[in-house]
Amino acid sequence: MLSLRTIARSAPRSAARLSTKAARPQLFKPAALRAVWKPTSAPRLASAFHTTVPKRDVQESLVAKLDSELNLEEDVGEPSNYSTNIKDYLEASQFKIEDILGQEEVTLTRKFNNETIRVTFTIADLAEPQEPFDEESDEAMYDEAEEIDEQSGGANTKGSVNRGRTPGGNIRVAPEDKVSPADRPEFEDEYADDEPLTPSFPAHAVIRVTKDGQQGALCIEAVAQDSSFTISNVHYYADAENADPKTADKDYARRNLYPGPMFGNLDEDLQILLEEYLEERGVDTRMALFIPDYIDYKEQKEYLNWLKNVKGFVSA
């Protein structure tokens, strides 16, 4: 059904056609002389766009939705809303934080004797959330369970904890071992208030150590999760710029350099000493707790800023 606006806009054009109809020459044959119309095999394509809602209404609805999101998020993103852990760390730590609005990376920097320690992490780690571990989907656990069930000697060792072995090679199970401590009546009160710990997401960090007056640099790749760092690689670069390449040429040159062995393949004593080396410079448990918390805070702050930018652009 045509709207009044459509009728009003088409009326002058209709009147003009009627007034000039008699003066125009006959260009088409009369209906009686035209061939009977036959439908073609090709189907007619309908428009895929919705034309019932004016564009202005969509824009106003989008701005209203952005306003609603801003109202929900406006209580975060300011330093005054730091969590207790973030506040305590920034007040007590010797690291200075560099956080530029609109950029994903955050840098912690400090001096240690004649060394400069730079720790870089990013909110990009939140883009791909880790799926929780599902015991039912772990095929290795099923294989282990089947192997235990097939043991000889007659002892039911599935889920056992101790005590000694039978002549058939199985572990002898005492009756009390079949029940976990949390399920025993005498320990109900002790375990009643325990809640399962939620593992934090893995936050990748790059630690760079340079020395005044020297060209080389150490570059350590690690992951901060559940209050600890896990080191994956320790690189040494004779040119410190290769540790943090700023140009395509430097990045290309870095790819051809020997990266060093995987950290887990090193001698255990060497691994421990490298971990203590970083801990002495402040890359410790407190930082491992701080980094995931600050990533969560910064992501909220960046989202708030993104909402403001998009609203300002759309509503202009």
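This is a short tour of a predicted model, going from its sheet to its aromatic rings and two arginines.

**Stop 1: the sheet.** Start by selecting the six strands of the open sheet, which run in the order β1-β2-β3-β4-β5-β6 with antiparallel pairing. Colour β1 (96-99) and β6 (228-237) separately: these are the edge strands, and each has a single partner, so one side of each has no neighbour in the sheet. Now look along the sheet for its twist, which averages 20° from one strand to the next.

**Stop 2: one strand pair.** Zoom in on residues 203-211 and 217-225, that is, β4 and β5. Eight bridges join them in the antiparallel sense. For a landmark, pick V206 and look across to β5, where E221 stands opposite.

**Stop 3: the helix across the strands.** Select residues 268-280 to bring up helix α7. This helix lies across β2 (105-112), β3 (115-122), β4, β5 and β6, and the angle it makes with β6 is about 95°.

**Stop 4: the aromatic rings.** Turn on Phe, Tyr and Trp side chains; there are seven aromatic pairs to find. Go to Y82 and Y294 to begin with. Their ring centres are 6.2 Å apart and the planes meet at 50°, which falls between the 30 and 60 degree limits, so this pair counts as tilted. What does the pair tie together? Y82 is in the loop between α2 (55-73) and α3 (84-92), while Y294 is in helix α8 (residues 285-315), so the two rings link parts 212 residues apart in sequence. Both fall under the 20% cut-off for buried: Y82 has a relative accessible area of 18%, and Y294 comes in at 1%.

Keep Y82 and Y294 selected and add Y89, F121, F290 and Y297: you now have one aromatic cluster on screen.

Next, slide along helix α8 to Y303 and W306, three residues apart and so separated by about one helical turn. Is this pair stacked or tilted? With planes at 15° and ring centres 6.0 Å apart, it is stacked. Switch on a surface here: Y303 is partly exposed at 25% relative accessibility, and W306 is partly exposed too, at 48%.

**Stop 5: arginines over rings.** Finish with two charges. Select R281 and Y277: the arginine lies over the face of the tyrosine, 3.6 Å from the ring centre. Then select R110 and F95, where R110 lies over the ring face at 5.7 Å from its centre.

Definitions and conventions. Residues are numbered from 1 along each chain as its sequence is written. This is a predicted model: local features need pLDDT of at least 70, side-chain atom pairs count only at pLDDT 80 or more; totals for chains, interfaces and linings use all residues. Side-chain values use heavy atoms; hydrogens and water are left out. Two strands pair if DSSP finds at least two bridges between them. Helices (H or I, at least four residues) and strands (E, at least two) are DSSP runs, numbered from the N terminus. Axes are lines fitted to C-alpha atoms, for helices over the stretch in contact, and angles run from 0 to 180 degrees between N-to-C directions. Contact means heavy atoms within 4.5 Å. Rings of Phe, Tyr and Trp (its six-membered ring) pair if their centres lie within 6.5 Å; planes under 30 degrees apart count as stacked, over 60 as edge-to-face and the rest as tilted. Buried means under 20% relative accessible area, exposed over 50%, partly exposed in between (1.4 Å probe, protein chains only). A charge sits over a ring if NZ of Lys or CZ of Arg is within 6 Å of the ring centre and within 35 degrees of the ring normal.
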